[in-house]
Amino acid sequence: MSDAMAAALAAEEAAIYAYGLLGVKLTSDGDLTEARACEAIHRDRRDALVLRLAALKASTAPAPAGYQLPFEVTDRDSALKLAIQVEDGVAQAWRATLPSTEGGDRSTALSALTDAAVRATRWRRRGNVSPVTLPWPGRP
Amino acid sequence: MVLDGPVKRRQLLGGVAGTAGLATLTGCGLFGDDPEPAPAPDALQPVLDEALALAAGYDRAAVADPALKVFGDDHRAHAAELAKLIGATLPSAAPSAPAAGNSKAALRKAEQAAQKTATAACKTAPAERAGIVGSIAAARAAHAEALR
């Protein structure tokens, strides 16, 4: 269980880093508000995971200082593309925790997976990416 | 027929004994002809029924708005995997679950209700089913968001 949850923590850390970076390329109020809301949620998830993993006495790797981005973020299009990719990645990490969790941990994981799928849909709509949904959110 | 003599009573008794003997000989075979009680439906059957109902709803709605067809395709993909998982055969006719309405608002409501079903099913699902049902719950939530 804690290996998958540690991976979810790493995905949340990466998401926080990515939003900090892609937010610079967003200019419209709508995009910025959305990005800030997303980043705040990822911080909340990260903090809750840190507490939960500490309670489970699970070891976690420290978050790296920086990440290799999958592509350069140079404008709004690439910023939105990164946001979509980040949310899809977060959905995958949380989905992977479902089989090994139960009770409250599984509820948390499912709600994190669901939220990430919803946010990815919002970013796809903002970026005019079609279709706006995936048939299997979180499936690698 | 009126049983009014000893002979006839003996015949009757013999008949009863004969039947009992037959039952003994064939063991529980006499009762084995009774239809088996129907097995309890799989916990994921309601999730499957909703997937079929939503797919049908989007098919009808796509006549007026073809952009909605992809959502129906998602539900069909869910139904196919669920049917394989629980060993159900997909009906070729209309689903038994009440059909979702065709308007976007009605479909959105149906997605939200279906998301609740899948969420509840995921919470109690065994490990090997948790991922697939979790993804279905997330997909339904994303559909509802897309219809806003």
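**Exercise 1.** In this predicted model, find which residues Leu22(A) touches, leaving out residues up to four places away in sequence.

*Solution.* Start at Leu22(A) and look for its contacts beyond those sequence neighbours: they are Val73(A), Ala79(A), Leu82(A) and Ala83(A).

Now widen the view. Leu22(A) is among the residues with the most contacts inside the largest nonpolar core, together with Tyr19(A), Leu26(A), Trp94(A) and Trp123(A). This core has 55 residues.

**Exercise 2.** Work out which helices each supply at least two residues of the largest nonpolar core.

*Solution.* Take the chains in turn. From chain A come α1 (2–22), α2 (29–55), α3 (76–95) and α4 (103–126). From chain B come α3 (45–62), α4 (69–86), α5 (104–124) and α6 (127–146). The helix that gives the most is α3(A), with 10 residues.

Finally, look apart from this core: another one, of 10 residues, includes Val132(A), Leu54(B), Leu68(B) and Ala114(B).

**Exercise 3.** Describe how α5(B) and α6(B) pack against each other.

*Solution.* Begin with the geometry. The two helices pack at an angle of about 160°, and their axes are 8 Å apart. Angles over 145 degrees count as roughly antiparallel, so α5(B) is roughly antiparallel to α6(B). The crossing of α5(B) past α6(B) is left-handed.

Next, see who makes the contact. On α5(B), the residues include Arg108(B), Glu111(B), Ala114(B) and Cys122(B); on α6(B), they include Val133(B), Gly134(B), Ile136(B) and Arg140(B).

Last, sort the contact residues by character: 10 are nonpolar, 5 polar and 3 charged.

Notes
Residues numbered from 1 in each chain as written. Chains lettered and ligands numbered in written order. Predicted model: local features only at pLDDT ≥ 70, side-chain atom pairs only at ≥ 80, totals over all residues. Heavy atoms only, no water. Core = buried A, V, L, I, M, F, W, Y, C linked by side-chain atoms within 4.5 Å. Buried < 20%, exposed > 50% of the residue type's maximum accessible area, 1.4 Å probe, protein only. Helix = DSSP H or I, 4+ residues; strand = E, 2+ residues; numbered from the N terminus. Contact = heavy atoms within 4.5 Å. Axes fitted to C-alpha atoms, helices over the stretch in contact; angles between N-to-C directions. Parallel < 35°, antiparallel > 145°, perpendicular 65-115°, else oblique. Left-handed = near helix turned anticlockwise from the far one by under 90°. Nonpolar A, V, L, I, M, F, W, Y, C, P; charged D, E, K, R; others polar.
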